[in-house]
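Biologist: I should like to learn how the features of a structural model are read. Could we take them in turn, beginning with the overall order of elements?

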Amino acid sequence: MAKDGEKGEWREFIWNPRTREFLGRTASSWGLILLFYVVFYIFLAGLFALTMYVMLQTLDEHKPTWQDRLSTPGMVIRPKADETFEIVYNTQNTESWDMYAQALDKFLGPYNDSVQAQKNDECTPDQYFLQADSGEVKNNPKRSCQFNRTFLQDCSGIRDRYYGYQEGKPCIIIKLNRVIGMLPGKDGQAPYVTCGAKKEDSDKIGDLQYFPPNGTFNLMYYPYYGKKAQVNYSQPLVAVKFLNITANEDVNVECKINANNIPIGSDRDKFAGRVPFKLRINTNK
């Protein structure tokens, strides 16, 4: 009998036909609770939307308001086979080096002279290409300077479509990471790239040739104004050709940026202002 009483109490709690209550509340009580939470969450959503709207009004869609920028920009190389930054191939095995040539072809495609002539301007070299805004009037989209593939000469893939890999004189392309507003170099001195072997391999690296001459990043490609403001921007490149590197041995190379207003990167970040990689050219069948 006790169990029947308990069942009756549970049934009456779920639905009481006498008071017309569901789970202890009448329909009007449930309605008021539902209305309260609907109004409460609409208020929270509105407050969140208003906060986001006010915050977005303070942002510039063309450049970040705050930049936690490293004083020394990073550098990267192309081709890059994997995250280990090792370029290893055999001159006698076409498949081992053809992938590097194809990667460079793909990378340099946007730098074809015809493409650059269509979307970018011929600029005055050796000076910054400044494009200031007029007060609140934004000077957007901003123009960009041409960096033609032919500037890389023997490393352009035009004179030698194998980029020297077939004959054991490979080309490596170097670029400096984009940093909005950066003005590298001062007093008219453009930043330039130098490459050398680590101490233990100093007698293996041989002669190097740089394109453009002296391995410079011309000042006319700076400052960079951001992806939205400068949609056609083409990063300047430097190519390094290894003319007579020692074959069949690992050669640890490091390339670095040199500028009179860019500090030397710290040992904690091996890619700050420099890029180390291993190059090995095998000639044995």
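**Reading the model**

Modeller: From the N terminus on, the elements of the chain run α-β-β-α-β-β-α-α-β-β-β-β-β-β. The model is a predicted one. The chain holds 4 helices and 10 strands.

Biologist: What share of the 285 residues in the chain is buried?

Modeller: Burial is judged by relative accessible area, with buried meaning under 20%. Buried residues account for 36% of the 285 residues here.

Biologist: How many of the contacts between residues at least 6 apart in sequence join residues at least 24 apart?

Modeller: In this chain, the share of such contacts that join residues at least 24 apart is 77%.

Biologist: Where does UniProt place the feature "transmembrane region"?

Modeller: An annotation of this kind may be inferred rather than shown by experiment. The unreviewed UniProt entry places the transmembrane region at residues 30-56. In the model, residues 30-56 are 100% helix and 0% strand, and the C-alpha atoms at the two ends of this stretch are 39 Å apart.

Biologist: Let us turn to single residues. Where is Met99 placed, and is Met99 buried or partly exposed?

Modeller: Met99 belongs to helix H3, which covers residues 94-108. Partly exposed is the range between under 20% and over 50%. Met99 has a relative accessible area of 45%, so Met99 counts as partly exposed. Sequence separation and spatial distance can also be read together: Met99 and Pro79 are 20 residues apart in sequence, and their C-alpha atoms are 8.9 Å apart in space.

Biologist: Where is Ser144 placed, and is Ser144 buried or exposed?

Modeller: Ser144 is in the loop between helix H4 (113-119) and strand S5 (171-176). Because the relative accessibility of Ser144 is 2%, Ser144 counts as buried.

Biologist: Which residues does Ser144 reach through its side chain?

Modeller: A polar contact is a pair of N or O atoms within 3.5 Å. The side chains of Ser144 and Gln230 are joined by a polar contact of 3.4 Å. The Ser144 side chain also reaches the backbone nitrogen of Tyr233, at 3.3 Å. Both Gln230 and Tyr233 appear among the contacts of Ser144 beyond its neighbours within four places in sequence. The others in that set are Asn120, Asp121, Cys123, Phe129 and Asn232.

Biologist: How many cavities of 30 Å³ or more does a search of the whole structure find?

Modeller: A cavity is space where a probe fits but cannot get out. The search finds 2 cavities of 30 Å³ or more. The largest has a volume of about 70 Å³, and the second largest has about 50 Å³.

Biologist: Which residues line the second largest cavity?

Modeller: Ser144 is part of that lining, together with residues including Phe129, Gln230 and Tyr233, each of which is also a contact of Ser144. By class, the lining has 7 nonpolar, 3 polar and 1 charged residues.

Biologist: What is the lining of the largest cavity, by class?

Modeller: The lining of the largest cavity has 7 nonpolar, 2 polar and 1 charged residues. Among them are Arg178, Tyr233 and Gln235.

Biologist: Finally, how much space lies in the second largest pocket, and which residues line this pocket?

Modeller: A pocket, in contrast to a cavity, is an open set of points. The second largest pocket holds about 170 Å³ of space. Its lining divides into 5 nonpolar, 4 polar and 3 charged residues, and Arg178, Tyr233 and Gln235 are among them.

Conventions:
Residues numbered from 1 in each chain as written. Predicted model: local features only at pLDDT ≥ 70, side-chain atom pairs only at ≥ 80, totals over all residues. Heavy atoms only, no water. Buried < 20%, exposed > 50% of the residue type's maximum accessible area, 1.4 Å probe, protein only. Polar contact = N/O pair within 3.5 Å; in protein donor to acceptor, adjacent residues only side chain to side chain. Contact = heavy atoms within 4.5 Å. 1 Å grid on protein atoms, 1.4 Å probe; cavity = no way out; pocket = protein on both sides within 12 Å on 5 of 7 lines; lining within 4 Å. Points joined across faces, edges and corners; volume = space filled by probe spheres on them. Nonpolar A, V, L, I, M, F, W, Y, C, P; charged D, E, K, R; others polar.
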